[in-house]
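Hi everyone, thanks for making time for this. Please pull up the sequence and the structure on your screens, and we'll walk through it together.

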Amino acid sequence: MSYRPFVILSAMSAFCFSVAACSNDRDDKAATAEATSVADGSGDLSSNGAMASDAAVTAGSAAEAFLLDAIRGNNSEMKFGRLAAEKGSSKAVKDYGTMLVNDHGKAGAEALTLATSAGLARTNSTNPEADAEYAKLEGLTGADFDKEFTRFMVEEHQKTITKFETAAKDTQNAAVADFARKTLPTLKKHLERAQSLAK
């Protein structure tokens, strides 16, 4: 009786077991390394579970807060723009209103695209402070409307510029920081025009 086939079969079984064990060991080590990376902040998981190239826009993050505030701000500015285009007593105020609608419409669309890609819920809401001012402006007409509208536009754009400058400098998500940087020149143009109208 020959034992050779038995010896060969045993050796092959041992080899396969060894390969499987090594593979499992590598998988376990990889999983452990990934979990540790996420836990200690050295790596981020994007919404599809892949390692993100920069800080993800996650719930409660500064990037999320900025994006949602920017979207609400753009929604508010477009409302003000439509109101000014309708109720402004001068052509300059009406034209300023139209500019707000156009520029903030574009900025709002870009902010919404970033928010959607990050898995954030779409919102059509506006800022509460802006809502209160809007109600006030609805009750004004003529020169009184123009004066109050331009006053608020100066104040509002000064605040908004500060927020966007901070986001451009400090936000860890590259796409969100780039959006803030690209929008700043438009916001500064709006501020300058509003200051000119307020004189």
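Let's start with a question: does Asp-103 count as buried or exposed, going by its relative accessibility? Before I answer, please keep in mind that this is a predicted model. Asp-103 comes out at 17% relative accessibility, and since buried here means under 20%, it counts as buried.

What does the side chain of Asp-103 meet in a salt bridge? The partner is Lys-189, with 3.1 Å from N to O. Asp-103 belongs to helix α3 and Lys-189 to helix α6, so this pair ties together parts that are 86 residues apart in sequence. Unlike its buried partner, Lys-189 is partly exposed, with a relative accessible area of 36%.

Now please look for a second link between those helices. Glu-110 and Lys-182 form a salt bridge, and their closest N and O atoms are 3.1 Å apart. Here too, distant parts of the chain are linked, with Glu-110 in helix α3 and Lys-182 in helix α6, 72 residues apart. Glu-110 is partly exposed at a relative accessible area of 31%, and Lys-182 is partly exposed as well, at 47%.

While we're on α3, here is a quick check of its length. With 27 residues at 1.5 Å a residue, α3 should span 39 Å, and its end C-alpha atoms are indeed 39 Å apart, so the two agree. Just after α3 you'll find Gly-119, which takes a positive phi of about 85 degrees.

Next, over to helix α6, which is where Asp-178 sits. The side chain of Asp-178 meets that of Arg-181 in a salt bridge, at 4.0 Å from N to O. These two are 3 residues apart in helix α6, so about one helical turn separates them. As a reminder, an α-helix has 3.6 residues a turn, so residues three or four places apart point the same way. Both ends of this bridge are partly exposed: Asp-178 has 33% relative accessibility, and Arg-181 has 43%. One more distance for Asp-178: its C-alpha atom is 9.0 Å from that of Ala-167, which is 11 residues away along the chain.

How many salt bridges does the count come to? The count is 13. Some of the charged residues are linked in a network of salt bridges, made up of Glu-129, Glu-133, Lys-136, Glu-148, Arg-151, Glu-155 and Lys-159.

Then there is a charged residue without a salt bridge. Glu-77, in helix α2, is buried yet has no salt bridge. The nearest side chain of opposite charge is Lys-163, and that is 9.6 Å away. A salt bridge here needs a nitrogen within 4 Å of a carboxyl oxygen, so Lys-163 at 9.6 Å does not qualify. What does Glu-77 touch, then, leaving out residues up to four places away in sequence? The answer is Leu-100, His-104, Met-153, Glu-156 and His-157.

Let's move to the nonpolar side of things. In soluble globular proteins, nonpolar side chains tend to be buried together. In this model, the largest nonpolar core has 36 residues, and Phe-80, Phe-149, Met-153 and Phe-164 touch the most other members. Helices α2, α3, α4, α5 and α6 each supply at least two residues of this core. Which helix gives the most? That is α5, with 9 residues.

Phe-149 deserves a closer look. Leaving aside neighbours within four places in sequence, Phe-149 is in contact with Phe-80, Ala-84, Val-93, Tyr-96, Leu-100 and Leu-137. Phe-149 counts as buried, at 0% relative accessibility.

Finally, the aromatic rings. The count comes to 7 aromatic pairs. In one of them, the rings of Phe-145 and Phe-149 have their centres 5.8 Å apart and their planes at 5 degrees, so the pair is stacked. The two are 4 residues apart in helix α5, so again we have a separation of about one helical turn. Phe-145 is also buried, with a relative accessible area of 0%. Elsewhere, Phe-66, Phe-164 and Phe-179 form one aromatic cluster, and you'll recall Phe-164 from the core residues that touch the most other members.

That's my tour. Thanks for listening!

Note on methods:
Residues are numbered from 1 along each chain as its sequence is written. This is a predicted model: local features need pLDDT of at least 70, side-chain atom pairs count only at pLDDT 80 or more; totals for chains, interfaces and linings use all residues. Side-chain values use heavy atoms; hydrogens and water are left out. A nonpolar core is a set of buried Ala, Val, Leu, Ile, Met, Phe, Trp, Tyr and Cys residues joined through side-chain atoms within 4.5 Å. Buried means under 20% relative accessible area, exposed over 50%, partly exposed in between (1.4 Å probe, protein chains only). Contact means heavy atoms within 4.5 Å. Lys and Arg count as positive and Asp and Glu as negative; His and the chain ends are not counted. The expected span of a helix is 1.5 Å times one less than its number of residues. Rings of Phe, Tyr and Trp (its six-membered ring) pair if their centres lie within 6.5 Å; planes under 30 degrees apart count as stacked, over 60 as edge-to-face and the rest as tilted.
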